[in-house]
Amino acid sequence: MEAMTAKPLNGIKQVNKVTRKQRFSSYKRTPLSLLLYLLVLISTVFTAGILIYLIGYILVHGVPYLTKDLFSLKYTSTNVSLFPAMVNTVSMTALALLFAVPLGIFSAIYLVEYAKKGNRLVGIVRITAETLSGIPSIVYGLFGMLFFVTTLKWGLSILSGAATLAIMILPAVMRTSEEALKSVPDSFREGSFGLGAGKLRTVFQIVLPSAVPGILSGVILAVGRIVGETAALMYTAGTVAEIPSNVMGSGRTLSVHMYALSSEGLHINQSYATAVVLLIVVIVINAVSTFIAKRITKG
Amino acid sequence: GCGGKDEGKKAAGEDITVVSREDGSGTRGAFIELFGIEEKDSDGNKIDNTTTEAMITNSTSVMMTTIAENEAAIGYISLGSLNDTVKALKIDGAEPSTENVKNKTYKIVRPFNIVTNEKKLSNQAKDFMKFIMSKEGQEVVADNGYITVDDKASAYKAAGAKGKIVVAGSSSVTPVMEKLKEAYTALNKDVKIEVQQSDSTTGVTSTVDGVCDIGMASRELADSEVKKGVKPTVIAQDGIAVIVNKKNEVSELKSDQIKGIFTGEVISWGDVK
Amino acid sequence: MESKIKVQNLDLYYGDFKALKAINLDISPNEITAFIGPSGCGKSTLLKSLNRMNDLVEGCKITGKVTLDGEDIYGDMDINLLRKRVGMVFQKPNPFPMSVYDNVAYGPRTHGVRNKAQLDEIVEKSLRNAAIWDELKDRLKKSAMGLSGGQQQRLCIARALAVEPEVLLMDEPTSALDPISTSKIEDLAAELKSKYTIIMVTHNMQQAVRISDKTAFFLLGEVVEYGKSDQLFSMPKDQRTEDYITGRFG
Amino acid sequence: MESKIKVQNLDLYYGDFKALKAINLDISPNEITAFIGPSGCGKSTLLKSLNRMNDLVEGCKITGKVTLDGEDIYGDMDINLLRKRVGMVFQKPNPFPMSVYDNVAYGPRTHGVRNKAQLDEIVEKSLRNAAIWDELKDRLKKSAMGLSGGQQQRLCIARALAVEPEVLLMDEPTSALDPISTSKIEDLAAELKSKYTIIMVTHNMQQAVRISDKTAFFLLGEVVEYGKSDQLFSMPKDQRTEDYITGRFG
Amino acid sequence: MKQYKEKIMKGVFLTAACTSILAVILICAFLFMNGLPAIGEIGPVKFLAGERWMPKNGFFGIFPMIMGSLYITAGAIIVGVPVGIFTAVFMAKFCSGKLYKILKPAVDLLAGIPSVVYGFFGMVVLVPMVRNIFGGNGNSILTASLLLGIMILPTIIGVSESAIRAVPDSYYEGSLALGASHERSVFFTVLPAAKSGILAGVVLGIGRAIGETMAVVMVAGNQARMPMELAKGVRTLTANIVLEMGYATDLHREALIATAVVLFVFILLINLSFSALKHKEEF
Ligand SMILES: Nc1ncnc2c1ncn2[C@@H]1O[C@H](COP(=O)(O)OP(=O)(O)OP(=O)(O)O)[C@@H](O)[C@H]1O
Ligand SMILES: Nc1ncnc2c1ncn2[C@@H]1O[C@H](COP(=O)(O)OP(=O)(O)OP(=O)(O)O)[C@@H](O)[C@H]1O
Ligand SMILES: [Mg+2]
Ligand SMILES: [Mg+2]
Ligand SMILES: O=P([O-])([O-])[O-]
């Protein structure tokens, strides 16, 4: 970030700008830096290219089919409305985050702030969490079906689905929170303890707020996973295209809706239109999470 | 897709990309049986001879997209899902169509089953089954491109059923089931039907476990499943269309050519022209 | 006069490294005690043992006894109350990543002050005492991270004063300050000692002479000499002390 | 004598805040120049302008001209070479989270030294020069993060020396050091000035008198007085300087 | 009272930390109960080392799928890890505030695109591309690796970027002041300091790569035979489960769950070796 980005003060010609010429003459001297710079640039262009292509692809295929019908309050097999699925997506995300985020953050707090160095539990928890992150979603689905749906008798329901997803996203939330907490400098903790604050207060008032940006990145990853999930939900939350009256009812999310529409090849266009809406929902959910996180850091 | 002007010709000499469904799939089961890709060995065990080089997919839409994108590909899908992104082949001279299936000139079909647990079946579920097998129900089946099992069914009369019915299982059966549901609930306002789309096996196990009232399966039931106390009922027949890329010059094949392709004996489009 | 803090036979290990050896020290109330000695001799370490900040260091082991008003601080005493009573200012300034106001109000809030007016008053008083009110009064709501090094250090002093400790431990509190701020802090220390007990690590011997009542000279984890500052600096009993204060050391 | 560094009419803004006002300063080669002044007056800021470390601060704007050996440092000069030529030691010690050895070897490696024996030699020489070799020679492979504050600071000095800069900027390099290490660093500075040009921010006026050839007194972003140290301290021309050095300020 | 609260909350934190263990135990129990008998029935050697998978005909060898998973995961790592880390570096240390404001939410969006969409993207873009460049029918190890590599990008970028940002600026400044270039400072001081966080991101990403199915199944070809060339199709363990679970009954179904058991052990081994690696580095 050597380049200056702030707008110049009115009428002032600042001298501390890195010119392009300077940059290139530097690179001549340090080819390694140039190589690294190019790698960074190429990678980013690659990522951005994929991103633009994917989003463009979805928009091109989906936007023309965004009809009013798709947003009817009630789903029928002719209007294939995505409205109920949209509502379900939001409630499913909220519920799964409600389970997983406190759980993930609390475990991270235990691992970073409470567990002694060399504590066996830390290693075990970390390995189990990472193992969880590698289990395919269909296995989560089957597990959820067997455990939440059948054994706990929650039936095919939003609750079963959210509980299953919560386990699935726990590792992302936990590991990112753990790393975020670890990166808070000890001097903050010392400062707080030195004033006679207890551990809890130090953790909640000083350490956590500083860790919020890191935790947020985990939450956003988790949101992505929840919103994009199908297999795990088909077997736990079911695929009913309605808004259930409570969390014990079955309902499909947008992603499941998409899958259902596309799987028999009958409503491919509408499924792309659903993908467009899905993108918008993701953007909104992420923006809301970021907003909440900002509020927390500001205190 | 990929470019090039003389694609049709190129495809003609190209290696065939065989696309099949997953092991156990009802569509595949019917397909290999009817084309003789499945044969009995000396011990009387059925052996599936599908070439190991065949690409495998478990979804109709993936099958269609793969074939729409690959000029050398061949595969098969439910007739009800057929659209103009791909080309359906005539088999032994017969066009794949509902009429031809009905008049038996086109022979590749599979059954759509529903599965019930007689002992636990609720009244409203019984009533719904009655509707499906009635004249009105079979009309819905026919209207949506599937083949009826009973053309002379008697008419249905609403009997004031109420309550909830959960139907779960096969994604292939789901579209027609949704239509049936809508037709039925129009007549029975007090019945609420939930259709849960997953897969055939889940449909059966859910019925066994009591998670749903009626299961949907696009394959025959296994003996072990029947032993668990569930009973299958065929509600419709589904034709299977053999499909190729639209740029492919081939538009008709003989049964034994298809067998050759799917067993890996025929590997080039040139050989079947 | 009773001692405020009594250190008896204290040994401290960081893992296998013995950082403090058989320390015995009586700190009198209402006095300023200076710790001097070369870098790495254990001044900060002993200071941190007095409010148990070393508990945070993994692998730190302590033997011996430290009492505050006769009470064993490594006994049943509530560790948070101990740290409220024995406040600390660190060697590197460590403001919290929040506003100036919240930094100072953090301590009082921790200890139950919720009243806005009362907090305002505490914040102002503490900042004034730390000789930084005038500079910061207009940026109370701004983040404390943007302050200059010296400003940060004075803010940390204000933060420590805001909880009204009985003992104030300061680890080179003025090393980042200019002479004016330094003399303000020194004046403040002199003023505070009527109410508080102050222990200060310093590298500045002039400062030790100027403001401290007693001085302890550390060398390699040991207290070589401890006594009235004027005596220690004018006629040290130990040769090593003399070498050090006359700059003839090492 | 030609100036090594020439600051001409330099203004510096942090956003809307003007932190330096019309600075003009000629730094002579092979001399030690001290920057003194109250906290927050802009000493560190000017220092950082001399090797363009302020470029990192978002919203920092500079006008005016700074030349090194007559070359405009804000012109076409390679910024990294500039920083190699103008080394810096920061106010807060900032060792890298790697071993002591790697900390010191980092600079030489950056500038292309790969030979192990040569690196070993540079590391030893730099650590010796920073008066810390004896303390650390047995823990070269240990992490630098476990050192005491003073040790960290001396390590950072060693790290800066290892790239053999022409100019060495030091931001209160001895504020965390005991008198012995301080005097070692001072001796070192005096020794180095035969080869290097040294600019040092300090709060310690005795230090400025002791070792610096010239002193600049800063106040509120301006250079109030600049001249030979003995003159500036014995007979300051400006009333404000006099007030400050006699402690009568503010 | 306060002590009380501290104790209770410590208990709460500990309990939370144990939930993931509990979850693994539950899933483990479910998998092993349903899967181990099948392995017993088939025979562990025949199951693990068998090269033929023909459930209808009684062949249950998953060796080709084990190899398939290895190949594709390795491929995804080769594609996704460097690109992900470099992009994270760009976002944290190279890009201007304005660009970041666009790039960040966009990358977050990438995480939220459902696998099915990635799958269709793979089918219509990557498959023809690979077919044209490398021959074959396009549904191949290469395609699947590429697609998976892309799919793990958001995980790696997201976690690494915040790890890089968490490194104190003083390291970066210290390096610059020694005359190191921006790139060198970032790669040789900041990145090593962010190592643990980046590694966490990579491990999460690899987990995602192993566990991802819906998209892989759409482009990998899924032939249940030993993987041959990079341009030929392959089936992974997860694909095997997803493909056939819907129709499987009896031993076939149990063999699929046993496949999940193998996968589970596989992931456990990867994670154990990662943590061993980390341990070794710490000393
Ligand atoms: N956390 C730690 N782990 C291991 N050793 C430590 C730790 N903290 C300090 N030490 C060592 O203990 C000794 C005493 O350190 P201490 O910080 O008390 O020195 P000090 O007298 O305050 O020095 P300075 O004046 O440089 O701050 C030093 O040798 C130091 O390296
Ligand atoms: N990054 C920044 N953004 C905004 N203001 C800053 C920044 N850095 C410094 N300042 C302000 O610029 C002024 C000069 O700061 P500087 O750090 O140069 O002071 P100093 O003379 O070095 O003081 P000290 O002796 O306390 O280190 C101060 O008022 C400070 O608050
Ligand atoms: Mg110290
Ligand atoms: Mg400064
Ligand atoms: O493929 P299914 O018909 O079982 O969904």
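C:Ser148 meets another chain: leaving aside its neighbours within four places in sequence, C:Ser148 is in contact (heavy atoms within 4.5 Å) with D:Ser39 and D:Gly40. Its place is the loop between helix 5 (133-136) and helix 6 (149-161) of chain C. Helices here are DSSP runs of H or I with at least four residues, strands are runs of E with at least two, and both are numbered from the N terminus. C:Ser148 counts as partly exposed because its relative accessibility is 24%. On this scale, buried means under 20% relative accessible area, exposed means over 50%, and partly exposed lies in between, using a 1.4 Å probe and protein chains only.

A word on the model: this is a predicted model, in which local features need pLDDT of at least 70 and side-chain atom pairs count only at pLDDT 80 or more, while totals for chains, interfaces and linings use all residues. Residues are numbered from 1 along each chain as its sequence is written, chains are lettered from A and ligands numbered from 1 in the order in which they are written, and side-chain values use heavy atoms, with hydrogens and water left out.

Now to chain D. D:Asp55 sits in the loop between helix 1 (43-49) and strand 4 (60-68) of that chain. D:Asp55 counts as buried, because its relative accessibility is 1%. Its side chain makes a polar contact of 3.0 Å with the side chain of D:Arg52. Such a contact is a pair of N or O atoms within 3.5 Å; within protein, one must be able to donate a hydrogen and the other to accept it, and residues adjacent in sequence count only if both atoms are side-chain atoms.

How do the chains meet? Among the eight pairs of chains that touch, chains A and E share the most contacts. One place to look is helix 6 (residues 158-182) of chain A and helix 10 (residues 195-211) of chain E, whose axes come within 10 Å and cross at roughly 175°. These two helices are therefore roughly antiparallel to each other, a label for angles over 145 degrees. Chain A brings A:Pro171, A:Ala172, A:Arg175, A:Glu179 and A:Lys182 to the contact, and chain E brings E:Ser196, E:Gly197, E:Ala200 and E:Leu204. Chain B, by contrast, does not touch chain C, with nearest C-alpha atoms 51 Å apart, and no contact joins chain B to chain D, where the closest C-alpha atoms lie 47 Å apart.

Chain E also carries annotations from an unreviewed UniProt entry. The record lists "domain: ABC transmembrane type-1" for residues 66-274, and "transmembrane region" for several stretches, including 185-210 and 255-277. Such annotations may be inferred rather than shown by experiment. The table shows three of these spans.

| Span of chain E | Helix | Strand | Distance between end C-alpha atoms |
|---|---|---|---|
| Residues 66-274 | 79% | 0% | 19 Å |
| Residues 185-210 | 96% | 0% | 34 Å |
| Residues 255-277 | 100% | 0% | 33 Å |

Finally, helix 7 (residues 153-165) of chain E has 13 residues and reaches 18 Å from its first C-alpha to its last, close to the 18 Å expected at 1.5 Å a residue. Of its 13 residues, 12 are buried, so helix 7 of chain E is largely enclosed by the rest of the structure. E:Ile156 belongs to this helix and is buried, with a relative accessible area of 0%. Beyond its neighbours within four places in sequence, E:Ile156 is in contact with residues including E:Gly80, E:Val81, E:Gly201 and E:Gly205. E:Ile156 and E:Ile198 are 42 residues apart in sequence, yet 7.5 Å apart in space, C-alpha to C-alpha.

Terms used
Expected span 1.5 Å × (residues − 1). Axes fitted to C-alpha atoms, helices over the stretch in contact; angles between N-to-C directions. Parallel < 35°, antiparallel > 145°, perpendicular 65-115°, else oblique.
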